[in-house]
Amino acid sequence: MESLNIFIRSIFIDNMVFAFFFGMCSYIAVSKSVKTALGLGAAVTFVMVMTVPLNYLLYEFVLKDGALAWAGIPEVNLSFLTFIVFIATIAAFVQLVEMVVEKYSPTLYSQLGIFLPLIAVNCAILGGSLFMQQKVDGGELQSLWQSIVYGLGSGLGWWLAIVMMAAIREKTTYSHIPAALKGPGIAFIITGLMGIAFMIFSGIQF
């Protein structure tokens, strides 16, 4: 039940886009087409699912204060390396995703352009690992399985947000929008409205 709680919260209540507005650069830039949004959302979800649990293990057994007790050096505190290690882990998996997409879907690779390698510095993905660290310290995440669930839920939340946005923006192509609001302007307004709509989930009690 606790895992289901974490999963639902990470998708709807603590949504990376609508609750924290993380990953907005690629969210706005790539959400012009549902097809490309699906591809980028899948890539982000994959990277989140792989990196959050891996960073959980690194934090639990290497980085946090006293984590190296298993190696006989409990007094060593490597927490100052957290950012660097998390980003290195994310960058490694993003490179893997980029190579796979380029090999098996060159069309999607060309459509995503620079935003595929930029997943490495997507603050939604780094935010997932940093929130995981915060939740571990706060006792909310207590196992590797829960970190996997949290990573999957956070990735699916971002995927859901960008696909919804792309579907709406495809419809706005045929709408009469004032010239001053076309492009990113209307996208930010729609994002704000969707963020307000998602606030309704904050009232869910588990």
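This passage describes helix packing, aromatic pairs, salt bridges, cysteines and a surface patch in a predicted model.

The description begins at the N-terminal helix. Helix α1 covers residues 2-13, and its buried residues are S3, N5, I6, S10, I11 and I13. These buried residues pack against two other helices, α7 (144-172) and α8 (184-198). An α-helix has 3.6 residues a turn, so residues three or four places apart point the same way. Within helix α1, such a spacing can be followed from S3 to I6 and from I6 to S10, three residues that are buried.

Two residues of helix α3 were examined for their surroundings. T51 is located in helix α3 and counts as buried because its relative accessibility is 0%. When neighbours within four places in sequence are set aside, the contacts of T51 are T89, I90, F93, I125 and S129. T51 is also 9.0 Å from I148, C-alpha to C-alpha, although 97 residues separate them in sequence. N55 is likewise placed in helix α3, and a relative accessible area of 0% makes this residue buried. Beyond its neighbours within four places in sequence, N55 is in contact with V85, F86, T89, I90, S129 and M132. Contacts with T89, I90 and S129 are therefore found both for T51 and for N55, with burial of each residue defined as under 20% relative accessible area.

Aromatic side chains provide further links between distant parts of the sequence. Seven aromatic pairs are found in the whole structure. In one of them, the ring centres of F12 and F201 are 4.9 Å apart and the ring planes meet at 45°, so this pair is classed as tilted. F12 belongs to helix α1 and F201 to the segment after α8, so their pairing ties together parts that lie 189 residues apart in sequence. Both rings are partly exposed: F12 has a relative accessible area of 24%, and F201 has a relative accessibility of 25%. The rings of F20 and F131 also form a tilted pair, because their planes are at 40°, with the centres 4.7 Å apart. Here F20 comes from the loop between α1 and α2 (24-30) and F131 from helix α6 (residues 123-137), so the pair connects parts that are 111 residues apart in sequence. F20 is partly exposed at 32% relative accessibility, whereas F131 is buried at 17%. Ring pairs also join F12, F18, F198 and F201 into a cluster.

Charged side chains were considered next. Side chains of opposite charge can pair when their charged atoms come close. Three salt bridges are present in the structure. R9 and D14 form one of them, with a nitrogen-to-oxygen distance of 3.7 Å. R9 is partly exposed at 32% relative accessible area, while D14 is buried at 16%. A salt bridge also joins K64 to E60, at 2.8 Å from N to O. In this pair K64 is partly exposed, with a relative accessible area of 24%, and E60 is buried, with a value of 19%. K135 and E140 meet in a salt bridge as well, at a distance of 3.4 Å, N to O. For this pair the lysine is the buried partner, since K135 has a relative accessibility of 14%, and E140 is partly exposed at 46%.

The cysteines were examined for covalent links. A disulfide is a covalent bond between the sulfur atoms of two cysteines. The structure contains zero disulfides. The sulfur closest to that of C25 belongs to C123, and the distance of 6.1 Å is too far for a bond, because a disulfide requires the two sulfur atoms to be within 2.5 Å. C25 is exposed, with 53% relative accessibility, and C123 is partly exposed, with a relative accessible area of 37%.

Finally, the surface carries a nonpolar patch made of F46, M50, L96, M99, V100 and Y104, whose accessible area together is about 580 Å². Two elements, α3 (34-63) and α4 (82-104), each give two or more residues to this patch. Helix α4 supplies the largest share, with four residues. Among the patch residues, V100 is found in helix α4 and is partly exposed at 41% relative accessibility.

Technical notes:
Residues are numbered from 1 along each chain as its sequence is written. This is a predicted model: local features need pLDDT of at least 70, side-chain atom pairs count only at pLDDT 80 or more; totals for chains, interfaces and linings use all residues. Side-chain values use heavy atoms; hydrogens and water are left out. Buried means under 20% relative accessible area, exposed over 50%, partly exposed in between (1.4 Å probe, protein chains only). Patches are made of residues with over 30% relative accessible area and no salt bridge: like charges are joined within 9 Å, nonpolar side chains (Val, Leu, Ile, Met, Phe, Trp, Tyr) within 5 Å. Accessible areas come from the Shrake-Rupley method with a 1.4 Å probe; for residues, only the protein chains shown count as cover. A salt bridge is a side-chain nitrogen of Lys or Arg within 4 Å of a carboxyl oxygen of Asp or Glu. Contact means heavy atoms within 4.5 Å. Rings of Phe, Tyr and Trp (its six-membered ring) pair if their centres lie within 6.5 Å; planes under 30 degrees apart count as stacked, over 60 as edge-to-face and the rest as tilted.
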